Amino acid sequence: MWNIILSQLSALVELRDFACERDERILFSSLNAIFYAGQVVQILGANGSGKTTLLRVLAGVSPDYQGEILWQGQALATCAWEYTNASLYLGHLPGIKKSLTPLENLRWYAAIQGGVGDEVLLQALAEVKLAGYEDTLCYQLSAGQLRRVALARLVFSTAKLWILDEPFTALDKAGAMLLEARLAGHAAAGGLVLVTSHQDINVPDLLQLNLQDFALAHAKLHTAGYQETSAHG
Amino acid sequence: MGNSPSLFWSTLRRDLILAFRHKGDMINPLVFFLIAISMIPLGIGAETALLMRIAPGIIWVMALLATLLSLDNLFRSDFDDGSLEQLLIAPYPLFFSVLAKVLVHWLATGLPLTLLAPLLGVMLSLPANAFVALCCSLLIGTAAMSLIGAVGAALTVGLRKGGLLISLIVMPLYVPILIFGANGVQAAAVGQDYTMQLAVLGAGLALALVLAPLAAAGALRVSVNG
Amino acid sequence: MNWQWFHRLGSPRWFYEKTEAWLPWLSLVTLILLLVGGIWGLGFAPTDARQGNSYRIIYIHVPASFLALAGYYIMAISGAIGLIWKMKLPFMVMKAAAPIGAALTFVALITGAIWGKPTWGTWWVWDARITSMLILFFLYLGVIALQQAFQNRDTADKASAILALVGTVNIPIIYKSVDWWFTLHQPATIKFIGKSTIHPSMLYPLFVMLIGFYCFYTLVLLLHTRVEILRRESRTQWVNDLAAGNKLTVSKEGGK
């Protein structure tokens, strides 16, 4: 009983009657889900099932969705500022400039987050096993090392919600284990991780959400929907 | 948390470092400017009186083309490596991030073009009393062109081949700047007052400063999402 | 305040079905106005004292120029409505309006050139109005080119709407600066075309033509938009029903 109440209090993200379409095709619809603090949720689904689209919508990159997103029980429109401050998104593309050094790259991200000193950034680079590379141009780093530079953002992040699209890409075994530990640590500290991955994620109490369960509900564009949706918009 | 001035300065600093590490991107428009201007006397003859008359217009048109050529790079690399999406979702008004990027573009393109222009003025026998007007008008005009061009760059950044399309959609928008810029220099060349032309250019710059980053920010949201 | 009508306006189906009834009437009115205006203007309006009969091209040139400019604003405003209220129909109107506007601008340019030959003795003069029209044509081409460049329809719509809006802010500035530029470079020979020479009896057919062109524009815009609606909604049930219904009537007639 208490458990339920407690977990309800810490509901971070809620999706209500949520649907996304891309190029006139409904990817998924009638998606209702509540994500709580302390969870690591793996979003599953075949290629083209809308995993990336869902994450981009949640990250705020794409505004194309129908339904409602709630952040800590409030409609997103009323708390957009808090939400963007409390979320961190890592996309397919690492967002790392190749003609900058890892440290210079992280400085820019530190500015987005608001004032993190160089010593913290250096420590973050050490955490992802890139100590000694801070002054090397990213041109000279491998794909896996580039990914590690991007993942170093997780070390000094203060965001509650992590939205990670295929973060394991190009990582070696040691790197993957490091990342898994980081995800588990974030959940244990009361954060929420939404992650896609084609490989198994080794994290205690991993939850899975399969988008294909919501794919075929309304495969065809429903005509009547237009008037309703435009009335909302 | 979202500390407002810091991302503007941080983006400015990062892009300046990038501009210096890619010196070619900075120098190429200047070389184009130089070569294209040198073509003019070869094409139409080196008669001093003729060159003197057309110099203001030619220099202005070539500065415009050089700016256009450099625009494609404005958001392209950010789009390709994913930092554009990060800029979009940062808890910081996109208006100012765009402004920082445009400022760097102007520092790396417009300002060097302005500094190079007097040399080309000498090559085209521009009358001596027009040099101040040339530099002033280009200084303001290239800034306005960077701002307006940013909208075109933002609209086409999602397309693989945006280069020619940018020129197509941006050039008609440059018409007022070209008219007042080139005419200011012409007026100065014949010894007339050119403050009115500079004032109009300044007003155009002010308007572009307010509206162009807004339109470019909207265009970036559309492009990144496409 | 009841906004139901406004949102219903956003429904392509509602628009398609509603405009069905307007088409025959609008076509009839357009035809009558253009015929009356055309015959009156070309056949019965008085001859101009200076330009003789060559001035009569204004009955095409002036309405086309009017609508070329108005069409740009119609296109941009539709785009703005689509962007702000996230409706689908205004984008279809915008996409339909772009080539029509470009065509009218082209007509205005061509008729301007034809008019220029007997008046100024040359096909092309960098006259303020013609130059502005030329730049307007370029603006249209830009919007169309941007619209064509995207694979994704939503992106194409939104991007060209933004460009059209930027163009609207710029158009008055372009017109003013071209006017100013023209006063500096105006050749003395073409000053004789003043507005004062036009006689009221020449104006009446011009008004008829103007209204006729507006009707014609509306008609063509409706037709293009309807085609665009069918194209974009081709996968929805109502369009499929419509197509099936048409086939049904065709096969019935064929059976007789």
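Select first the second largest cavity of this predicted model, which holds about 40 Å³ of space. To display its lining, choose Leu168(B), Ile169(B), Pro172(B) and Leu173(B) on one chain, and Tyr72(C), Phe138(C), Leu139(C), Gly142(C), Val143(C), Leu163(C) and Gly167(C) on the other. Colouring these residues by class gives nine nonpolar, two polar and no charged residues.

Next, show the secondary structure around this cavity. At least two lining residues come from each of α8 (163–170) of chain B, α5 (128–149) of chain C and α6 (153–185) of chain C. The greatest contribution is that of α5(C), which supplies four residues.

Remain on chain C and select helix α3, residues 58–85. Its 28 residues should span 40 Å at 1.5 Å a residue, and the C-alpha atoms at its ends lie 39 Å apart, so the expected and modelled values agree. Then select Lys86(C), which follows α3(C) and has a positive phi, near 50°.

Now turn to the cavities as a set: the structure contains four of 30 Å³ or more. The largest has a volume of about 260 Å³. Its lining comprises 20 residues, and those closest to the centre are Thr84(A), Ser87(A), Leu88(A), Ile112(A) and Arg153(A). Select these five residues to centre the view.

To see what surrounds them, display α3 (80–86), β6 (87–90), α4 (102–113) and α6 (143–156) of chain A, together with α5 (83–89) of chain B; each of these elements gives two or more residues to the lining of the largest cavity. Finally, colour this lining by class: twelve residues are nonpolar, seven are polar and one is charged.

Note on methods:
Residues are numbered from 1 along each chain as its sequence is written. Chains are lettered from A and ligands numbered from 1 in the order in which they are written. This is a predicted model: local features need pLDDT of at least 70, side-chain atom pairs count only at pLDDT 80 or more; totals for chains, interfaces and linings use all residues. Side-chain values use heavy atoms; hydrogens and water are left out. The expected span of a helix is 1.5 Å times one less than its number of residues. On a 1 Å grid over the protein atoms alone, a cavity is a set of points where a 1.4 Å probe fits but cannot get out, and a pocket is an open set with protein on both sides within 12 Å along at least five of seven lines; lining residues have an atom within 4 Å of a point. Grid points are joined across faces, edges and corners, and a volume is the space filled by probe spheres set on the points. Ala, Val, Leu, Ile, Met, Phe, Trp, Tyr, Cys and Pro count as nonpolar, Asp, Glu, Lys and Arg as charged, and the others, Gly among them, as polar.
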